Amino acid sequence: TPNRTKVVRAASTMADRKYDIVLFGVTGFTGKLACEHLLSKGYPVRWAVCARTEAKARSVLTSIASRLGVPDDVLPPILVADLQPSNADPEHARLRGVVRDAAVVITAAGPFEKYGGHLVRMCAEEGTHYADTTGESDFFRRCIDLHDATARATGARIVSHCGNDCVPWDLAVLAAAELARDRFGPGTTLSAASTFTELPPGVGASGGTLATAIYQLGKKRGGSRTAFDPLLRLPDGSKSKEATKVRSPKSDVYYEEFKAYGGPWIMQPVMGNCVRRSNALLGYNAGEEFAYSEAQLRHPSFIRWIADSSYNALIGAAIYVPPLRALLPAPGEGPTREEMQAGYLKLHLRAEGKAPDGKKFKVKGLMTFDEDTGYLCTGRMLAESGVELLEAAKAGGEKKAGVLTPATAMGTSLLRRMERELPMKWEVEIAD
């Protein structure tokens with residue numbers, strides 16, 4: 001069968017592929033940061049960047065090298081391919097050739113519904129591991145629907161949400177479940193988890209993020225429906241019995257513990273959908289409903305609230321009045337280096353569950369990043385996800401494949417890697 005042919009090829013040639021990692025999206029804002037991170041780390045990996053225009057990619061690499069003070073001879077090779085190939089066979093063949101030469105593909109080239117379809121399909125078909133920074137739940141669902149079976153057949157790990165959307169949230173819930181299981185033993189369940197997000201006031205957005213938001217909010221909805229939510233699909237194609245009830249607040253609520261109001265924000269549904277997929281595959285509550293909620297804690301400044309609300313209104317208006325988009329950052333532009341270095345994320349986790357003897361327990365966790373996670377650490381997380389996928393592939397061991405989340409594809413190994421390589425700290429305990 002065609003799938004069997006691909007399995008043999010993928011399994012027999014993975015170690016001999018020309019490149020360990022290929023980065024797409026290097027000319028975009030987040031892609032530049034991922035490239036910078038790999039260059040600054042100097043990992044012993046064979047890597048390359050891929051762009052539609054070689055000259056533009058060369059200019060980006062030269063600029064990064066100058067900023068880091070590294071010689072040009074350590075810069076990665078530049079491959080050329082279009083993520084939106086025309087119907088001409090040579091363009092499709094060029095992109096597939098890049099994918100076939102890579103053990104791992106990492107990409108920050110969004111909007112992913114617009115630019116990611118061919119790439120993720122080819123990675124699934126060629127048995128190439130894949131990680132992206134998408135925050136687009138529709139894209140993630142479509143990837144599961146179209147490519148999960150193919151990826152499992154070829155052994156590819158297709159991992160979405162490998163940036164600020166949604167690594168910290170997804171891994172915090174997983175880490176709480178693992179801590180409880182380690183403490184109380186097999187059969188321990190987690191029945192609920194809530195996360196509370198603290199970000200600095202006035203967090204800026206890049207042009208790429210705004211382009212994605214405008215694309216998502218402006219697109220037409222509808223189309224064919226699946227028998228059930230693809231996020232719940234199991235490896236055998238059936239619907240998972242591990243249901244997740246997302247109970248995130250729809251309006252601001254006062255949280256006495258934090259002495260602050262908290263409520264909805266633009267990425268809240270994405271975090272919930274990622275955790276839903278992880279729970280469907282991992283089963284945090286052993287077949288019983290698992291509850292999850294996410295809220296952003298509000299900055300108390302009324303002036304800041306006015307400023308943020310006005311900016312969000314501008315984004316909304318730009319969907320329907322295209323000339324207003326000139327007032328927003330263009331793709332490739334974003335917050336300044338100083339703004340990103342002054343950024344932070346504090347992610348509070350509260351969870352509860354039950355030990356095998358019926359005793360109830362609570363888990364309390366805090367994940368902190370000492371710089372911006374929306375872009376600076378997203379680039380780092382994407383790069384480290386690529387290295388993690390590469391090392392897992394080289395090590396062998398448990399064979400995970402399909403369209404997965406960070407928690408289901410890389411687990412807390414990625415969390416430990418981030419603690420080593422990023423300005424990040426994770427503290428978790430069984431609460432009294």
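Which residue forms a salt bridge with Arg 417? In this predicted model, the partner of Arg 417 is Glu 388, and the closest N and O atoms of the pair are 2.8 Å apart. Arg 417 belongs to helix α15 (residues 411-421) and Glu 388 to helix α13 (residues 376-395), so the salt bridge ties together parts that are 29 residues apart in sequence. Both ends of this pair are buried, since Arg 417 has a relative accessibility of 3% and Glu 388 has a relative accessible area of 9%, values that fall under the 20% limit for a buried residue.

The pair is one of 23 salt bridges found in a search of the whole structure. Side chains of opposite charge can pair when their charged atoms come close. A further case is that of Glu 36 and Arg 337, whose closest N and O atoms are 2.8 Å apart. Because Glu 36 lies in helix α2 (residues 29-41) and Arg 337 in helix α12 (residues 337-341), this salt bridge joins parts of the chain separated by 301 residues in sequence. Glu 36 is buried, with a relative accessible area of 8%.

A salt bridge is also formed by the side chains of Asp 252 and Arg 298, with an N to O distance of 3.1 Å. Here the partners are found in loops, Asp 252 between β8 (244-246) and β9 (253-255) and Arg 298 between β11 (290-297) and α11 (302-320), so that parts 46 residues apart in sequence are tied together. Asp 252 is partly exposed at 42% relative accessibility, and Arg 298 is likewise partly exposed, with a relative accessible area of 28%. Elsewhere, salt bridges link Arg 96, Arg 100, Arg 121, Glu 125 and Glu 126 in a network.

Attention now turns to the nonpolar residues. In soluble globular proteins, nonpolar side chains tend to be buried together. The largest nonpolar core of the model contains 76 residues, and those with the most contacts inside it are Val 26, Cys 35, Val 173, Leu 190, Phe 369 and Met 418. Helix α8 (residues 167-184) supplies the largest share of this core, namely 10 residues. When residues up to four places away in sequence are not counted, Phe 369 touches Pro 168, Gly 343, Tyr 344, Leu 345, Cys 377, Met 381, Met 418, Leu 422, Pro 423 and Met 424. A second core, separate from the largest one, consists of 30 residues, among them Leu 119, Cys 123, Phe 140 and Ile 158.

How values were computed:
Residues are numbered from 1 along each chain as its sequence is written. This is a predicted model: local features need pLDDT of at least 70, side-chain atom pairs count only at pLDDT 80 or more; totals for chains, interfaces and linings use all residues. Side-chain values use heavy atoms; hydrogens and water are left out. A salt bridge is a side-chain nitrogen of Lys or Arg within 4 Å of a carboxyl oxygen of Asp or Glu. Helices (H or I, at least four residues) and strands (E, at least two) are DSSP runs, numbered from the N terminus. Buried means under 20% relative accessible area, exposed over 50%, partly exposed in between (1.4 Å probe, protein chains only). A nonpolar core is a set of buried Ala, Val, Leu, Ile, Met, Phe, Trp, Tyr and Cys residues joined through side-chain atoms within 4.5 Å. Contact means heavy atoms within 4.5 Å.
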